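Q: Please take a close look at one residue of this protein chain and describe its surroundings. I should also like to see how that part fits into the chain as a whole.

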Amino acid sequence: VNMNEVQNYTPTDESFLGSVGAAFAQGWSNFVNGLQQLAVWLAGAWPVVLVVAAAAAGFAEKGMFRFANVGDSRVYYFSKGRLSAVTKDHSVCQAAVDMGTMNFSEIRGSEDRSKLLKVLGEKEELELKRKYPPIKICDGDAFIVCSDGFWEYVYETEMEIDLLKSARAHDWAKNMLKRHIRRAENKGDNYTVICGIFHLDK
């Protein structure tokens with residue numbers, strides 16, 4: 001389902017992107033609830049299709065970076081060129097990491113990696129207890145918002161290396177995608193990545 005299809009099949013006076021943007025501006029909970037309602041509506045409109053999805057988002061507001069996720073899409077935050085924060089997956093593997101029976105680095109190679117405990121569209125209401133504190137943005141800080149199909153093939157150390165080599169977010173994304181393409185060899189899940197580097201006015 002692409003954005004145009006969602007907009008065409010969603011009965012609303014306001015544009016779909018406008019609705020999502022307004023919900024996100026009011027907070028992550030409203031944003032998730034909006035996507036959740038949309039997923040449930042689509043499943044009702046097209047009963048032959050089960051619409052479930054992971055989601056991640058980040059935004060800058062008043063010098064602070066706020067972020068959250070559902071499922072196994074992730075947000076990474078970098079400060080002084082090093083990874084300083086990353087969201088936790090809602091997955092069987094992340095639960096094993098939290099219990100101390102698996103290391104974070106082992107998630108990529110696990111057969112249970114895609115077994116998710118929370119997704120959009122599965123139920124009409126979605127409760128997210130995990131909240132991340134906002135991060136004060138400093139000059140040179142950077143972030144990545146990506147799907148599991150991306151982070152499966154691009155490792156955290158490589159994200160740091162490519163960030164240090166890149167003056168612009170476009171170059172950073174390009175360098176990471178080169179690694180992804182070489183390693184994935186046109187196999188695996190779909191991949192999506194959005195990244196940014198903060199350049200603050202002096």
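**Arg-74 and its surroundings**

A: In this predicted model, the accessible surface of the protein chain comes to about 11900 Å², and carbon and sulfur atoms hold 52% of that area. The chain has 202 residues, of which 42% count as buried. Its secondary structure consists of 7 helices and 7 strands, arranged from the N terminus in the order α-α-α-β-β-β-β-α-β-β-α-α-α-β.

Arg-74 belongs to strand β3, which covers residues 74–79. Arg-74 counts as buried because its relative accessible area is 1%, and buried means under 20%. The side chain of Arg-74 makes a polar contact of 2.9 Å with the side chain of Asp-89. Beyond its neighbours within four places in sequence, Arg-74 is in contact with several residues, including Val-86, Phe-104, Ile-144, Trp-151 and Glu-156.

One of these partners, Ile-144, leads to the largest nonpolar core. This core has 20 residues, and Ile-144 is among those with the most contacts inside it, together with Tyr-76, Phe-78, Met-159, Trp-172 and Met-176. Strand β3 supplies at least two residues of this core, as do α4, β6, α5, α6, α7 and β7. Met-176 is itself in contact with Ile-144, as well as with Phe-150, Val-154, Met-159, Asp-162 and Cys-195. A second, separate core has 12 residues, among them Ile-135, Ile-137, Phe-143 and Phe-198.

For the chain as a whole, 65% of the contacts with a separation of 6 or more are between residues 24 or more positions apart.

Conventions. Residues are numbered from 1 along each chain as its sequence is written. This is a predicted model: local features need pLDDT of at least 70, side-chain atom pairs count only at pLDDT 80 or more; totals for chains, interfaces and linings use all residues. Side-chain values use heavy atoms; hydrogens and water are left out. Helices (H or I, at least four residues) and strands (E, at least two) are DSSP runs, numbered from the N terminus. Buried means under 20% relative accessible area, exposed over 50%, partly exposed in between (1.4 Å probe, protein chains only). A polar contact is a pair of N or O atoms within 3.5 Å; within protein, one must be able to donate a hydrogen and the other to accept it, and residues adjacent in sequence count only if both atoms are side-chain atoms. Contact means heavy atoms within 4.5 Å. Accessible areas come from the Shrake-Rupley method with a 1.4 Å probe; for residues, only the protein chains shown count as cover. A nonpolar core is a set of buried Ala, Val, Leu, Ile, Met, Phe, Trp, Tyr and Cys residues joined through side-chain atoms within 4.5 Å.
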